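Work through the exercises below with the model open. Each task is followed by its solution.

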Amino acid sequence: MQFIKYFGDDAYENIAMDSWLLYNLKPTEPVFALWQNKRAIIVGQNQNTFGEINQEYADTHDVQVVRRVSGGGAVYHDLGNICFTFFVPVEQSSSVNFKRFVKPMQDALQSIGIDAQITGRNDLEVDGKKVSGNAQRYVGGYLMHHGTLLWDTDVDAMVHALNVADEKFMTKAAKSVRARVGNIKDYAPQTKTLDEFIEALTYYLSDEGRDGELVLTDAQKAGIEAWRKDKFSTWEWNYGQSPKFDFQNHAKYQGGSIDVLANVEHGLIKKLNLTGDFLGVRDWRDIENRLIGQPFNPHTIEKQLTPEEVQQYFGDITQAELAALFTGDGAE
């Protein structure tokens, strides 16, 4: 197979590139790419981004959040992870099955001495540990099959990034994820570095180097950059495409207890109710309309309400505490 070189490690750009190539490349033979993202959470097309990620962790650790066009669950990427994509002409979507397209990567891993096994519908495991997850999207006669290869990813960061900030849940999740996930580096020959691993995979998948690079034109590159700018780096796509949901949270602070109930659609607050024993001197409903229609995230509070206003309407509850209610976090 020929291969395509992605531009860098920006997740907005790479996910845009995956999607643009699916819709526009139209290869006559299968093509593959091996690429990497810096720290990022990639959510499935049909997922509720707000419910899948720890937004506070993402903000404080510079983790990009991007929605892809394929289904499946949210995954964490970093520079210890290698992503792969196959673009394959397929006549009918009914003929698509995961194992057929997971098999080339299994073969590639086995060719360099890693005993990878296909498990379930779309995973690769080594020694019972999951090292690869896969997803697919079929459009107009072409299949994009893409997945991850955990070479030396930061599992602690993965655990924290993919869970809403609830410490009890986090503790249980950390044990579960660590028990199930493995890094390929632990099973590879000792002389293998990440660069050598990528080189070995490229050599195998390109028919032992006989198939070269498919070089994109300037027009194709411009199209990819436009998709990044107009869609894949936007809040409207990455958060606003989340399904409609109801959100409820409770916190008890030194300044009193407070509950939030919100109806969210297209990532925007449609209805909001705040109750509790907080001691505001003014009725918070005076400012309700300033919050309706705003993005559902803690920055909304910071942008719409000053600390002085929060004090008037919510007493000794601070702006930061009020904003934290919109992250899924709470305090007792």
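Helices here are DSSP runs of H or I with at least four residues, numbered from the N terminus. The model is predicted.

**Exercise 1.** State which residue just after α1 takes a positive phi.

Solution. The residue is K26, and its phi is about 55°.

**Exercise 2.** Check the end-to-end distance of helix α1 (residues 11–24) against its expected span.

Solution. Step one: the expected span is 1.5 Å times one less than the number of residues. Step two: for the 14 residues of α1 this gives 20 Å. Step three: the end C-alpha atoms of α1 are 19 Å apart, which agrees.

**Exercise 3.** Decide whether α1 is largely enclosed by the rest of the structure, using its buried residues.

Solution. Step one: a residue is buried at under 20% relative accessible area. Step two: the buried residues of α1 are A11, Y12, E13, N14, I15, A16, M17, D18, S19, W20, L21 and L22. Step three: twelve of the 14 residues are buried, so α1 is largely enclosed by the rest of the structure.

**Exercise 4.** Describe the protein chain as a whole.

Solution. Step one, content: the chain has 13 helices and 13 strands, and 50% of its 332 residues count as buried. Step two, extent: the C-alpha trace spans about 75 × 40 × 35 Å along its principal axes. Step three, contacts: among those with a separation of 6 or more, 69% join residues 24 or more positions apart. Step four, surface: about 15800 Å² is exposed, with carbon and sulfur atoms supplying 47% of it. Step five, charge: there are 33 positive and 47 negative side chains, and the centres of the two sets lie 4 Å apart.

Note on methods. Residues are numbered from 1 along each chain as its sequence is written. This is a predicted model: local features need pLDDT of at least 70, side-chain atom pairs count only at pLDDT 80 or more; totals for chains, interfaces and linings use all residues. Side-chain values use heavy atoms; hydrogens and water are left out. Helices (H or I, at least four residues) and strands (E, at least two) are DSSP runs, numbered from the N terminus. Buried means under 20% relative accessible area, exposed over 50%, partly exposed in between (1.4 Å probe, protein chains only). Contact means heavy atoms within 4.5 Å. Accessible areas come from the Shrake-Rupley method with a 1.4 Å probe; for residues, only the protein chains shown count as cover. Lys and Arg count as positive and Asp and Glu as negative; His and the chain ends are not counted. The place of a charge is taken as NZ of Lys, CZ of Arg, CG of Asp or CD of Glu.
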